[in-house]
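Here's a quick briefing to read alongside the coordinates. Take a look at the model before diving into the notes.

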Amino acid sequence: MVVGVLALQGSFNEHIAALRRLGVKAIEVRKADQLEMVSSLIIPGGESTTMAKLAHYHNLFPALREFVKTGKPVWGTCAGLIFLANKAVGQKEGGQELVGGLDITVHRNFFGSQLQSFEAHLSAPELVSREGGPDIFRAVFIRAPAVLEAGPEVEVLAEYIVSSEKEDGHIHDKVAVAVRQGNLLGTAFHPELTADSRWHSYFLKMAREVKGGNSDSIVTVTSSPDLGLNNEEHAVNDLPIFE
Ligand code: GLN
């Protein structure tokens, strides 16, 4: 069994490369029956309306919903996070089809247009306690969504402080940008565009947990990876990919 990456549109190649750097084999998923071959799934960033249209065209929504319900781990990054949300606001007229599963309300373009894309260094205590490494991670936000509301079963893994001007001065507000609910992980940013492999490693551990601690479900690429990235020490050679 291998990790599947939904490959309709967006940054699927970058996810596959990030997994490969961890020595894990991933396959591109474009058809419903390919979901039967994978033990976990990544839904990448891209453009959620376009991705939804393609998923609809290939009749993938029923199979994706079924996959989420089986309890196998699914990670949505950016547009993928929107896919996994039970509710999305700030959508184009008529909305778009969602896979759902995460008890959250997501704002599709919370941080604005492409021009408002940015990077931030954020803390994620749960990630660091599991994966080690630096206390902060580099979060790349590209026309990013944010989580406005989360249900009681949703664990917030990372937040972003938004300052907004009100009549009575500045107030600080927070939005969630990384969440987990059982087998579902959602991040508003793009770890696959950085050299920090901890989010991918965290997701792979989720896959192992769901399998009852049996790591055999993850296929290791034996001949790789001699890329100078030692995951044990979380060497972060920022940033060969994004820059
Ligand atoms: N906000 C975008 C959308 O609606 C997602 C952007 C991204 O995945 N980088 O699809």
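What follows covers the ligand site, then one helix, then a couple of backbone oddities. Keep in mind that this is a predicted model.

**Ligand site**
- The ligand takes up the space of the largest cavity, and the protein's share of the action starts with three polar contacts listed here.
- Ser48 puts a backbone N or O atom 2.5 Å from a ligand oxygen.
- Arg108 uses its side chain instead, with an N or O atom 2.4 Å from an oxygen atom of the ligand.
- Arg143 brings a polar backbone atom to 2.7 Å from a ligand nitrogen.
- On its own the ligand has 300 Å² of accessible area, and the protein covers 98% of that.
- The surrounding residues include Gly45, Gly46, Glu47, Cys78, Ile142 and His190.
- Sorted by class, that shell comes to 4 nonpolar, 5 polar and 3 charged residues.

**Helix 1**
- Helix 1 spans residues 12-21, and its buried residues are Phe12, His15, Ile16, Ala18, Leu19 and Arg21.
- Just past helix 1, Gly23 has a positive phi of about 80 degrees.

**Positive phi outside glycine**
- As background, most residues other than glycine have a negative phi.
- Arg143 goes the other way, with phi near 45 degrees; Arg143 sits in the loop between strand 8 (136-141) and strand 9 (146-150).
- Arg143 is partly exposed, at a relative accessible area of 25%.
- Asn59 also has a positive phi, near 55 degrees, in the loop linking helix 2 (48-57) and helix 3 (61-69).
- Asn59 counts as exposed because its relative accessibility is 53%, and the cut-off is over 50%.

Technical notes:
Residues numbered from 1 in each chain as written. Predicted model: local features only at pLDDT ≥ 70, side-chain atom pairs only at ≥ 80, totals over all residues. Heavy atoms only, no water. Near = heavy atom within 4 Å. Polar contact = N/O pair within 3.5 Å; in protein donor to acceptor, adjacent residues only side chain to side chain. Areas by Shrake-Rupley, 256 points an atom, 1.4 Å probe, with all protein chains shown as cover. 1 Å grid on protein atoms, 1.4 Å probe; cavity = no way out; pocket = protein on both sides within 12 Å on 5 of 7 lines; lining within 4 Å. Sits in = over half its atoms within 2 Å of the grid points. Nonpolar A, V, L, I, M, F, W, Y, C, P; charged D, E, K, R; others polar. Buried < 20%, exposed > 50% of the residue type's maximum accessible area, 1.4 Å probe, protein only. Helix = DSSP H or I, 4+ residues; strand = E, 2+ residues; numbered from the N terminus.
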